[in-house]
Amino acid sequence: MSLIKGASTIGGASVISQLIGAFTILLMSYRFGMSDVGNYALTFSIVMIGIQITLYGSHLLLPKVDQQDIGKAVVFCLLQSWGISAIYIYIVSYFFSLPFFAIYVLTASYSMMIISEYIFLRNKNFSQLAIQRISVTSVVFLALLVSWKVEYFYYIWAIVHLCLIGYWLYKSLDFNVFSKSDFLPTTQIQFFIKHWNHLSRVGTAEVVANASLQLPTVLINYWFSPLVAGYFAVVNRFCLSPVLILGQSVRNYTFSKWSEDFRNKVFNYAEFKQVRLFLITIALITVAGIYFVYPWLTQHVLGEQWIQSVETSRLMLPYVFAMLAFVPLTVIELIFGTPNYFLRIQCEQLAIVAFAFLIMPLIYKSYTISLLAFTMLTAARYLMIYISINKHALVLRDEGIV
């Protein structure tokens, strides 16, 4: 019951967040056009990649470190949020015409949001985490609602989001865990050295994983057009995002629970089987829903400009199934496996993205062929990883944690 309760609390909030996000996309498409939806998706993808580069896996230490190190970990993450974000956005500004200040603040504040989330996960405060997620997506919708020009939207969104996350971070932190020494450069250098293996391996894997997820939007915008990227963004929001959010909800719960198991040197195989069955079931239901419901929705509710996104939704079905049924279980390798193996998983996925959206358009510029190659190769690859993960779970059950 704890699995269902923990995952459903986060998942329920994520569903509400997804609905708010869907209305945001709808409002933007009708108010400014599908091309601006593509530009919004490009901006959001750049921010999401920036988060992982900025934090570089340090946020994953927050549920795992001992209590005496939590203050050092939070300070380390916050320093990264603002320092590395500035360097990242400075580099990005050479390749894209984006509002520099707004994107910088968004990257830093979304990094702070991740810190807050993982502190809530450490404390198993799922209800506060759920409310935070809903409030974050509400801010985006409200910023768009009051923006009379699309250029102003990004600045309003950035400033309000920063204020909101400042509040949630204040709520999530217990300031008694901090000491003056946590803020000293020598302390932070020692913390960095102590966790270098995690940051260099798992941190790199997290960056590569997020790049694999966000780069298709960036590259589709580059190779084809903001309009095509808009259709891809629509499918992401209405078909793929619910899947990723639901999978991430399960992943967040299992990461919190299994991290505690890791500290106690135990592995709950019965719970692993529960999670596996749950993911397969909802993946099948989701794929059927997208195949039958989404075309009807575009035709009867969303309007003419949305109908052209149906083909993209059908091409994405193998990817959708893999991302929900298989991907959340890779958290077992993050906690109980070796950092090198988890990094290899993500590097292989990045190679698929590069092949489908960099190499193939150079050979033959076709959105349909590139997207089909991407979805089929991803599904086949994660199926092999899924088989490997199940074998690893059996070893953990029989031999325990070394």
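**Close-up A. F153 and W157 on helix α6.** In this predicted model, F153 and W157 sit 4 residues apart on helix α6 (residues 150-172), about one turn of the helix. Both F153 and W157 are buried. The ring pairs come to a count of 22 aromatic pairs. Take Y90 and Y94 to begin with: they pair edge-to-face, at 5.4 Å centre to centre and with 85° between the planes. F153 and W157 also form an aromatic pair, but a stacked one, with 5.4 Å centre to centre and 20° between the planes. Because planes under 30 degrees apart count as stacked, the 20° between F153 and W157 puts the pair in that class. Zoom out a little and F153 and W157 turn up in one aromatic cluster with Y40, F44, Y110 and Y154.

**Close-up B. The Y90 and Y94 rings.** Here's the edge-to-face pair again, Y90 with Y94. Are these two tyrosines buried or exposed? Y90 has a relative accessible area of 48%, so it is partly exposed. Y94 comes in at 59% relative accessibility and therefore counts as exposed, since the cut-off for exposed is over 50%.

**Close-up C. Helix α2 against helix α4.** Two packed helices are described by the angle between their axes and the distance between the axes. For α2 (residues 34-55) and α4 (residues 100-122), the angle is about 55° and the axes are 9 Å apart. That makes α2 and α4 oblique to each other, and α2 passes α4 in a right-handed crossing. On the α2 side, the contact is made by T43, F44, I46, V47, M48, G50, I51, T54 and L55, while α4 brings I103, L106, T107, Y110, S111, I114 and I115. Sort the residues of this contact by class and you get 11 nonpolar, 5 polar and no charged ones. F44 and Y110 might ring a bell: both belong to the aromatic cluster that includes F153 and W157.

**Close-up D. Helix α5 against helix α6.** How do the axes of α5 (residues 126-146) and α6 cross? They come within 9 Å of each other and cross at roughly 160°. So α5 runs roughly antiparallel to α6, because angles over 145 degrees fall in that class. The crossing of α5 and α6 is right-handed. From α5, the contact takes in Q128, I131, Q132, S135, V136, V139, V140, A143, L144 and V146; from α6, it takes in F153, I156, W157, V160, H161, L164, I165, W168 and K171. By class, the contact of α5 with α6 holds 14 nonpolar, 4 polar and 1 charged.

**Close-up E. H161 in helix α6.** Stay on α6 and find H161. Its relative accessible area is 0%, so H161 is buried. What does H161 touch, leaving aside its neighbours within four places in sequence? The contacts are S109, Y110, M113, V136 and V139. V136 and V139 are also among the α5 residues that make the contact with α6, and Y110 is one of the α4 residues in the contact with α2.

**Close-up F. Y152, also in helix α6.** Y152 is another residue found in α6. At 33% relative accessibility, Y152 counts as partly exposed. Y152 and A102 are 50 residues apart along the chain, and their C-alpha atoms are separated by 9.7 Å.

**Close-up G. F32 in the loop between α1 and α2.** F32 lies in the loop between α1 (2-31) and α2. With 23% relative accessibility, F32 is partly exposed. Setting aside its neighbours within four places in sequence, F32 is in contact with L144, S147, W148, K149 and V150. L144 is also one of the α5 residues in the contact with α6. For a long reach across the chain, look at L244: it is 212 residues from F32, and their C-alpha atoms are separated by 27 Å.

**Close-up H. Helix α13 and its buried residues.** Helix α13 (residues 317-325) is mostly covered, with 7 of its 9 residues buried. Which ones are they? The buried residues of α13 are L317, Y319, V320, A322, M323, L324 and A325.

**Close-up I. I385 in helix α16.** I385 has its place in helix α16 (residues 367-399). At 6% relative accessibility, I385 counts as buried. The C-alpha atoms of I385 and T330 are separated by 8.1 Å, with the two positions 55 residues apart along the chain.

Note on methods
Residues are numbered from 1 along each chain as its sequence is written. This is a predicted model: local features need pLDDT of at least 70, side-chain atom pairs count only at pLDDT 80 or more; totals for chains, interfaces and linings use all residues. Side-chain values use heavy atoms; hydrogens and water are left out. Axes are lines fitted to C-alpha atoms, for helices over the stretch in contact, and angles run from 0 to 180 degrees between N-to-C directions. Helices (H or I, at least four residues) and strands (E, at least two) are DSSP runs, numbered from the N terminus. Angles under 35 degrees count as roughly parallel, over 145 as roughly antiparallel, 65 to 115 as roughly perpendicular and the rest as oblique. A crossing is left-handed if the near helix is turned anticlockwise from the far one by less than a right angle, and right-handed if clockwise. Contact means heavy atoms within 4.5 Å. Ala, Val, Leu, Ile, Met, Phe, Trp, Tyr, Cys and Pro count as nonpolar, Asp, Glu, Lys and Arg as charged, and the others, Gly among them, as polar. Rings of Phe, Tyr and Trp (its six-membered ring) pair if their centres lie within 6.5 Å; planes under 30 degrees apart count as stacked, over 60 as edge-to-face and the rest as tilted. Buried means under 20% relative accessible area, exposed over 50%, partly exposed in between (1.4 Å probe, protein chains only).
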